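Work through the exercises below with the coordinates open. Each task is followed by its solution.

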Amino acid sequence: MALTNREILLASRPVGMPTEENFSLVENSVPNISGGEVLIKTLYLSVDPYMRGRMRGVRTYVDPFELGKPLTGGVVGKVIESNHPNFKVGEIVEGRLNWADYSTSDGSNIRKVDPSIAPISTAIGAVGMPGLTAYFGLLYIGKPKEGETVVVSGAAGAVGTIVGQIAKIKGCRVVGIAGTEEKCQYLVNELGFDVAVNYKTENVLDSLKKACPNGVDVYFDNVGGEISDSVMTLINFQSRTVLCGQIAQYNDVKPSLGPRIQVQLIQRSSMMQGFIVGDFKERNEEGYNQLGKWVQSGEIKYHENIVDGLENAPKAFMGLFTGENIGKQLVKVSEE
Ligand SMILES: NC(=O)c1ccc[n+]([C@@H]2O[C@H](COP(=O)([O-])OP(=O)(O)OC[C@H]3O[C@@H](n4cnc5c(N)ncnc54)[C@H](OP(=O)(O)O)[C@@H]3O)[C@@H](O)[C@H]2O)c1
């Protein structure tokens, strides 16, 4: 009996906050593979904030999603058919594949996942792209030194949780900013952050002044907006601001304006640098290895928020903008 392949397509481009109407689910037959290709069954799918940018239809560092075509994103799956010499049936792979039950690949956009290192879902989380983002952004741009104060916004998410824990490993004072009391408790009690600030209930500037008596040496910015305006008033001489994400602006219809901070950067001889995780792709093996070791040793803990069912991927994606997730937001598409 022919298998059915469900796919989630971009039905229309969101204006402001994405809605269910921007997505559609279609059923097709499972694609046949040709020479050199593999057929992959999706086990876990990642929803990531950067995908909102790809829905705009404008080319940035990555191509936009096309209307009426399947969305693509981080997938962990199992090879179920193979015409490729390097991938065997039964192996677990990770790559940027379709939001679908099944995808094909010519092998160029997938890598093997070693299930003995950590649960395979971490290949799109703590030991995957978000982990690498935290690792490269913090260590190669933020360059934290022992005893320094590191502030991270979006602290309870996939990237933020790893940033804070790496900063602790490096001997820093770590202050996280997140949107619920539960997230703040998790950061302090489970992950060892020194302080967590709830930006929805506290005056962020007042709380940060108390939490950072020696100012801010490294700011790892996942969110931007008014939260970052507050952090930037506390940056130290020769501090480093790592621009990782600006989720507070991703659904803006008109650009929002904030304080002009150039003078502050000059007066404090301070550095601000944006980056994309792919800038460091030559060092990916180093990152995967180190993150894998830290996860295995328990020095890095991770949490996954798992939504069941491919059909719920749009809802899981939208939940990123309302803060539904602690740690990495995943969609479980099929049993391992
Ligand atoms: N530069 C790169 O290569 C790269 C790679 C990966 C990710 N990123 C960026 O890094 C950031 C974090 O990504 P992630 O995958 O780890 O996502 P995530 O933090 O797991 O999920 C998004 C979180 O952002 C917070 N948030 C949503 N809207 C917000 C707003 N208006 N103001 C403040 N916080 C808001 C929510 O938590 P609260 O409950 O705390 O609000 C939500 O849980 C994103 O900006 C993403 O685009 C960049």
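**Exercise 1. Determine what share of the contacts with a separation of 6 or more joins residues 24 or more positions apart.**

Solution. The model is predicted. Count contacts as heavy atoms within 4.5 Å. Keep those with a separation of 6 or more; residues 24 or more positions apart account for 68% of them.

**Exercise 2. Judge how compact the protein is for its length.**

Solution. Start with the inventory: nine helices and 15 strands. The radius of gyration is 20 Å, and the globule rule gives 20 Å for 336 residues, so the protein is as compact as a globular protein of that length. Next, take the extents. The C-alpha trace spans about 65 × 45 × 35 Å along the principal axes. Then check burial: 52% of the 336 residues are buried. Finally, turn to the surface. About 15,300 Å² is exposed, with 50% of it supplied by carbon and sulfur atoms.

**Exercise 3. Place strand β9 (residues 173–178) among its partners: is it mostly covered or open?**

Solution. Step one is burial. Five of the six residues in β9 are buried, which leaves the strand mostly covered.

Step two is the pairing with β8 (residues 149–153). These strands run parallel and share five bridges. Val152 has Gly176 of β9 as its bridge partner. Helix α3 (residues 158–169) carries the chain from β8 to β9 in a right-handed β-α-β crossover.

Step three is the pairing with β10 (residues 195–198). It is parallel too, over four bridges. Here Gly176 stands opposite Ala196. With helix α4 (residues 181–190), β9 and β10 form a right-handed β-α-β unit.

Methods
Residues are numbered from 1 along each chain as its sequence is written. This is a predicted model: local features need pLDDT of at least 70, side-chain atom pairs count only at pLDDT 80 or more; totals for chains, interfaces and linings use all residues. Side-chain values use heavy atoms; hydrogens and water are left out. Buried means under 20% relative accessible area, exposed over 50%, partly exposed in between (1.4 Å probe, protein chains only). Helices (H or I, at least four residues) and strands (E, at least two) are DSSP runs, numbered from the N terminus. Two strands pair if DSSP finds at least two bridges between them. A crossover is right-handed if, with the strands pointing away from the viewer, the path from the first strand over the helix to the second runs clockwise. The radius of gyration is taken over C-alpha atoms; the globule rule is 2.2 Å times the number of residues to the power 0.38. Accessible areas come from the Shrake-Rupley method with a 1.4 Å probe; for residues, only the protein chains shown count as cover.
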